[in-house]
Amino acid sequence: MGLFKENPFGHILFLKKWLIRIAGVLSHRRYRGFNEMEIEGSEIIRNLPETGVLFVSNHQTYFADVVSMFHVFNASLKGRDDSIKNVGYLWNPKLNIYYVAAKETMQSGLLPKIFAYAGAITVERTWRAKGEEVSRSVNPDDTKNIGIALEDGWVITFPQGTTKPFKPIRKGTAHIIKQYKPIVVPIVIDGFRRSFDKKGLRIKKRNILQSMVIKEPLEIDYENDSIEKIVEQLEYSIEQHQSFLKVIPLEEVEAQEELNKMRKWEY
């Protein structure tokens, strides 16, 4: 690899590699040390093609979720079975992993800007900006950039567009699936909301069991499935469909949210 070789977004791969290495070493104990992460599905990661994969997941923090996936994906590709033991798997990380993030979030400070260089595809929210409700059309450049990233490698997205549980899936993800026809791999995470603050930068509580379940790719008829059907399939696959509230009462979800707020300043 040439020293100044770039990816399709103009990021120098040598710098990106060192950024992932350093961030990986600094964050490793957050998932194996201060807390522990239970992983299922490493073998699925190893069986995926090099490009054209879209990971869809529920969302609990701004940054800790995606950082954990960088750990798990690279550990799995280096032969770890449902484990991130020994952070040496990041010495030669997979450099064509991208993640979709709100432009507003990734421009909110120096650290988010550094994280963005590691693989963010920034998009403008169509429904919210600067804490207020808005209504604007999708920026076609955002969709195009996701397509470029899928052609180059793997893309992680959080189709609810929020860290709040059981919110609706945004139809934009279904449109991207119809347009670019990626392999769609669902991921269900838990424990991050309890162990980190909302941004996922500060440890809020230790000794929390985090979990990540990587599921088999979805069976999607790209030509004939409707947007609504794909949205519903995504909701079930990442366990965010409203029917799950019959198992987890809404009152319990709301109570957990209030408890998380109370824990905000606890360590």
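Which residue is the bridge partner of Ile39 in S9? In the predicted model described here, that partner is Met212, and the pair belongs to the junction between strand S1 (residues 36–40) and strand S9 (residues 209–214), two strands that run parallel and are joined by five bridges. On S9 there is also a pairing with S8, where the two strands run antiparallel and four bridges are found; within this pairing, Ile187 has Ile214 of S9 as its bridge partner.

These pairings form part of an open sheet of seven strands, whose order is S1-S9-S8-S2-S7-S3-S4 and whose pairing is mixed. At the edges of the sheet lie S1 and strand S4 (120–123), each of which pairs on one side only, and the twist from one strand to the next averages 25°. Elsewhere in the sheet, S2 and strand S7 (residues 154–157) run parallel and are joined by four bridges, with Leu54 standing opposite Val155 in S7. Helix H6 (residues 140–152) lies across four of these elements, namely S2, strand S3 (97–102), S4 and S7, and runs at about 165° to S4.

The chain as a whole contains 10 helices and nine strands. Of its 267 residues, 49% count as buried. When contacts between residues at least 6 apart in sequence are considered, 72% of them join residues at least 24 apart.

The packing of two helices can be described by the angle between their axes together with the distance between those axes. For helix H7 (residues 171–180) and helix H9 (residues 227–237), the angle is about 110° and the axes are 9 Å apart. Because an angle of 65 to 115 degrees counts as roughly perpendicular, H7 is placed roughly perpendicular to H9, and the crossing in which H7 passes H9 is right-handed. On the H7 side, the contact is made by Lys171, Thr173, Ala174, His175, Ile177 and Lys178, whereas on the H9 side it is made by Ile227, Glu228, Ile230, Val231 and Leu234. Sorted by class, the residues in the contact of H7 with H9 comprise six nonpolar, two polar and three charged.

The buried residues of H9 are Ile227, Ile230, Val231, Leu234, Glu235 and Ser237. Among them, Ile227, Ile230, Val231 and Leu234 also take part in the contact with H7. In an α-helix there are 3.6 residues a turn, so residues three or four places apart point the same way. The packing partners of the buried residues of H9 comprise not only H7 but also two strands, S2 (53–57) and S8 (183–190), and both of these strands belong to the seven-stranded sheet. Just after H9, Glu239 adopts a positive phi of about 60°.

A further local feature concerns Glu104, which is found in helix H4 (residues 103–106). The relative accessible area of Glu104 is 38%, and this residue is therefore partly exposed, given that buried means under 20% and exposed over 50%. Glu104 and Glu124 are separated by 20 residues in sequence, while their C-alpha atoms are 7.3 Å apart in space.

Technical notes:
Residues numbered from 1 in each chain as written. Predicted model: local features only at pLDDT ≥ 70, side-chain atom pairs only at ≥ 80, totals over all residues. Heavy atoms only, no water. Axes fitted to C-alpha atoms, helices over the stretch in contact; angles between N-to-C directions. Parallel < 35°, antiparallel > 145°, perpendicular 65-115°, else oblique. Left-handed = near helix turned anticlockwise from the far one by under 90°. Contact = heavy atoms within 4.5 Å. Nonpolar A, V, L, I, M, F, W, Y, C, P; charged D, E, K, R; others polar. Buried < 20%, exposed > 50% of the residue type's maximum accessible area, 1.4 Å probe, protein only. Pairing = 2+ DSSP bridges.
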